[in-house]
Amino acid sequence: MPELPEVEGVVRELAPAVEGKTVKKVEFSKTVYESCAAGKQCIVKNLEPSFLEEAMQDMFIKKVTRRSKYIYFEVEKNHQPFLFVNHLGMTGAWFVVYSLNEIHEEKFRKHVHAVFTLDSGELLVFSDIRRFGEMRLLTTLEDHPPLLEMAPEPFDEEACTYFLEKCKLPKYQSKPIKEVIMDGQVISGCGNIYATEALFKMGIHPARKVSRISKERKIQLFETIRDILRESIENGGSTISDYRNINGEAGGMQHRLKMYGKKQCSACGSNTKSMTIGGRTSVYCPQCQH
Ligand SMILES: [Zn+2]
């Protein structure tokens, strides 16, 4: 699943490729239409796909940015601003090409669910193998309240204080630390991969209760998460399964991971263990993490 660094990688490439261009036409796949008719709203959320196709026509793309794991397309039509919000879900990927044949890997080519024709003649293509991706057209952030509840960006100055304050809330005190650092209302953009790595680096057991970690250790943990996210951005993100940048390239961070997906601890050689925390598989070293 793409996490913050992977989404940042997509945005850094998408922005120069599409900013300043205008959408001339949008076409959603048959699957998107059929799921909407069946009440499932695959990919296109809270709108009829046909409505979104029409609404996006002649939409000018001003700016593409990232907020947590969301991609924000700041768009404008007839001088009215809108926000087109995309979440990559598990396997969403964007491509900017002149023809679908330019998408080299068949699995992405076979699962194209949205094609935006730009005034440059290029196609902005959204492919999603498992179809957990999301697209919404909003007039303001209030249209989709979860966007207002996200923690600050981890690189923002106030993010660590925000994290410490959240940890004090009764609902988080008795929870396992791993579940809490993966909660987007506590820290933005720290998913399973980076939570696993940060806890290993800090020697903290993923199931340790929040209340049993000192303030100093919490600050160090926050800084470790932030540093790992930054390191991953610099290395093009982690390609665990189906993450690709807009040129279809994989990232390099997966080669730097020390615990996620490992059978043996890279520090002491012990066999790693795994347990389910907050519905996610958590790998840890029983010797190094307490
Ligand atoms: Zn170990």
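**Exercise 1. The geometry of the zinc site**

Determine which arrangement the four donor atoms form around the zinc ion in this predicted model.

*Solution.*
Step 1. Identify the donors. The protein donors of the zinc ion are the SG atoms of Cys 265, Cys 268, Cys 285 and Cys 288, at 2.2 to 2.4 Å from the ion.
Step 2. Examine the angles. The four donor atoms subtend angles of 104 to 113° around the zinc ion.
Step 3. Apply the criterion. Four donors count as tetrahedral if all angles lie between 85 and 135 degrees. The angles of 104 to 113° therefore make the arrangement tetrahedral.

**Exercise 2. The zinc donors along the chain**

State what spacing the donors of the zinc ion follow along the chain, and locate Cys 265 and Cys 285 among the secondary-structure elements.

*Solution.*
Step 1. Along the chain, the donors follow the pattern C-x2-C-x16-C-x2-C.
Step 2. Cys 265 belongs to the loop between helix H9 (215-234) and strand S10 (273-277), whereas Cys 285 belongs to the segment after strand S11 (280-284). The pair therefore ties together parts that are 20 residues apart in sequence.
Step 3. Consider the accessibility of both residues, for which buried means under 20% relative accessible area. Cys 265 has a relative accessibility of 4% and so counts as buried. Cys 285, at 0%, also counts as buried.

**Exercise 3. The order of the sheet**

Give the strand order of the open sheet of nine strands and name its edge strands.

*Solution.*
Step 1. The order is S2-S9-S5-S4-S3-S1-S7-S8-S6, and the pairing is mixed.
Step 2. S2 and S6 are the edge strands, since each pairs on one side only.
Step 3. Follow one part of this order through its bridges. Strand S1 (residues 22-28) and S7 run antiparallel and are joined by five bridges; within this pairing, Glu 27 has Val 115 in S7 as its bridge partner.

**Exercise 4. The surroundings of strand S8**

Describe how strand S8 (residues 123-128) is covered, and which strands are joined to S8 by bridges.

*Solution.*
Step 1. Six of the six residues of S8 are buried, and the strand is mostly covered.
Step 2. Separate the two faces. Leu 123, Val 125 and Ser 127 point one way, while Leu 124, Phe 126 and Asp 128 point the other way; all are buried.
Step 3. Consider strand S6 (residues 92-97). S6 runs antiparallel to S8 and is joined to S8 by six bridges, with Phe 95 opposite Val 125.
Step 4. Consider strand S7 (residues 112-118). S7 also runs antiparallel to S8, with five bridges between them, and Thr 117 has Leu 123 as its bridge partner in S8.
Step 5. Inspect the connection. The hairpin of S7 and S8 has four residues between the strands, and Gly 121 in this hairpin adopts a positive phi near 95°.

**Exercise 5. The packing of helices H8 and H9**

Classify the orientation of H8 and H9 and give the handedness of their crossing.

*Solution.*
Step 1. Two packed helices are described by the angle and the distance between their axes.
Step 2. The axes of helix H8 (residues 192-202) and H9 come within 9 Å and cross at roughly 130°.
Step 3. Angles over 145 degrees count as roughly antiparallel and those of 65 to 115 as roughly perpendicular; apart from the roughly parallel range under 35 degrees, the rest are oblique. H8 and H9 are therefore oblique to each other.
Step 4. The crossing of H8 and H9 is right-handed.

**Exercise 6. Positive phi outside glycine**

For Asn 46 and Asp 58, report the value of phi, the location and the accessibility class.

*Solution.*
Step 1. Asn 46, which is not a glycine, has a positive phi of about 60°. Asn 46 lies in the loop between strand S2 (43-44) and helix H3 (49-56). Its relative accessibility of 56% means that Asn 46 counts as exposed.
Step 2. Asp 58, likewise a residue other than glycine, has a positive phi near 65°. Asp 58 lies in the loop between H3 and strand S3 (59-67). With a relative accessibility of 39%, Asp 58 counts as partly exposed.

Conventions:
Residues numbered from 1 in each chain as written. Predicted model: local features only at pLDDT ≥ 70, side-chain atom pairs only at ≥ 80, totals over all residues. Heavy atoms only, no water. Donors = N, O, S within 2.8 Å, 3.2 Å for Na, K, Ca; no water. Tetrahedral: all angles 85-135°; square planar, octahedral: opposite > 155°, others 65-115°. Helix = DSSP H or I, 4+ residues; strand = E, 2+ residues; numbered from the N terminus. Buried < 20%, exposed > 50% of the residue type's maximum accessible area, 1.4 Å probe, protein only. Pairing = 2+ DSSP bridges. Axes fitted to C-alpha atoms, helices over the stretch in contact; angles between N-to-C directions. Left-handed = near helix turned anticlockwise from the far one by under 90°.
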